[in-house]
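Work through these exercises with the model open beside you. Try each task before you read its solution.

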Amino acid sequence: MGVYNGGLTREQFLFFETRTTAKLMVEGLDDSEIINRIFEDNLFQFPTERMVKNLAGVCLKRLHALDDMNLVNQVAHGPSEDAKQICLYAMMKYNRLVWDFMITVIGEKYRQQDLHFSKSDINVFFMRLQEQDDGVAAWSEATINKIRQVLTRVLIENGYLGSTKADKLNPVLICSTLENAIRNEGNDIALQAFNCFI
């Protein structure tokens, strides 16, 4: 799964951008053509070229991490709730920190049917990571704060939390396309991040 990386401070959830990128992938363009098209047509509507190319690259890496064109097609053209869920899974597969957070914190809460959620859950997660990983231990408080905000926003965008003030997780329902894909690749542990335990 690779090392923990603090890139989340810049990367965010990027649903609109990932969906835009997926549409071009489904059209059959290769990665460099996709990045050029996004840049030339200003599809992300970002101010700087560097930022556009950087984030287009991130979207591509997440979509490639899915390793499943059927899922990419759902991101491009499926209902937005389903597409968001698949984007979250792509983010998990691409970023070890998101993977661990969604499975060991969120999935564990659903497994224990303990839907209470607060900042301290995220804080404990980071404290554990810092104890286990020297790279994470070296991150500044500002980096951890920023990642904490990104993780919270990801939960809100995917319906897990109602707002930044929410203190309870909502029960989420996994979309069948994603559930089947996860089972087919033998990655069943990921299902608990989507409140799926059958």
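Buried means under 20% relative accessible area, exposed means over 50%, and partly exposed lies in between (1.4 Å probe, protein chains only). This is a predicted model, in which local features need pLDDT of at least 70 and side-chain atom pairs count only at pLDDT 80 or more, while totals for chains, interfaces and linings use all residues. Residues are numbered from 1 along each chain as its sequence is written, and side-chain values use heavy atoms, with hydrogens and water left out.

**Exercise 1. Two threonines**

Task: Is threonine 20 buried or exposed? Then treat threonine 152 in the same way.

Solution.
- Step 1. Place threonine 20: helix α2 holds this residue. Helices (H or I, at least four residues) and strands (E, at least two) are DSSP runs, numbered from the N terminus.
- Step 2. Threonine 20 has 14% relative accessibility, so this residue counts as buried.
- Step 3. Look for its partners. Contact means heavy atoms within 4.5 Å. Setting aside neighbours within four places in sequence, threonine 20 is in contact with Leu43 and Phe44.
- Step 4. Move to threonine 152, in helix α10. Its relative accessibility is 15%, so threonine 152 counts as buried.
- Step 5. Threonine 152 touches Ile122, Leu161 and Thr164, when residues up to four places away in sequence are not counted.

**Exercise 2. A helix pair**

Task: At what angle do the axes of α2 and α6 cross?

Solution.
- Step 1. Two packed helices are described by the angle between their axes and the distance between the axes.
- Step 2. Know the terms. Axes are lines fitted to C-alpha atoms, for helices over the stretch in contact, and angles run from 0 to 180 degrees between N-to-C directions.
- Step 3. Read the values. The axes of α2 (residues 15-26) and α6 (residues 80-94) cross at roughly 95° and come within 10 Å.
- Step 4. Name the arrangement. Under 35 degrees counts as roughly parallel, over 145 as roughly antiparallel, 65 to 115 as roughly perpendicular, and the rest as oblique. Helices α2 and α6 are therefore roughly perpendicular to each other.
- Step 5. List the contact. From α2 come Phe15, Thr18 and Arg19, and from α6 come Ser80, Ala83, Lys84 and Cys87.
- Step 6. Sort by class. Ala, Val, Leu, Ile, Met, Phe, Trp, Tyr, Cys and Pro count as nonpolar, Asp, Glu, Lys and Arg as charged, and the others, Gly among them, as polar. The contact of α2 with α6 has 3 nonpolar, 2 polar and 2 charged residues.

**Exercise 3. Positive phi**

Task: Where does leucine 14 lie, and where is glutamine 113?

Solution.
- Step 1. Recall the background. Most residues other than glycine have a negative phi.
- Step 2. Leucine 14 is not a glycine, yet has a positive phi of about 60°. Leucine 14 sits in the loop between α1 (8-11) and α2.
- Step 3. With a relative accessible area of 8%, leucine 14 is buried.
- Step 4. Glutamine 113 also is not glycine, and its phi is positive, near 55°. Glutamine 113 is in the loop between α7 (96-112) and α8 (119-132).
- Step 5. With a relative accessible area of 71%, glutamine 113 is exposed.

**Exercise 4. Neighbours in space**

Task: Which residues does isoleucine 34 touch? Do the same for tyrosine 94.

Solution.
- Step 1. Isoleucine 34 is in helix α3. At 0% relative accessibility, isoleucine 34 is buried.
- Step 2. Not counting residues up to four places away in sequence, isoleucine 34 touches Thr21, Leu24, Met25, Leu29 and Leu60.
- Step 3. Isoleucine 34 and alanine 22 are 12 residues apart in sequence, and their C-alpha atoms are 9.4 Å apart.
- Step 4. Tyrosine 94 is in helix α6. With a relative accessible area of 24%, tyrosine 94 is partly exposed.
- Step 5. Again not counting residues up to four places away in sequence, tyrosine 94 touches Glu11, Val58, Lys61, Arg62 and Ala65.
- Step 6. Tyrosine 94 and leucine 63 are 31 residues apart in sequence and 8.6 Å apart in space, C-alpha to C-alpha.
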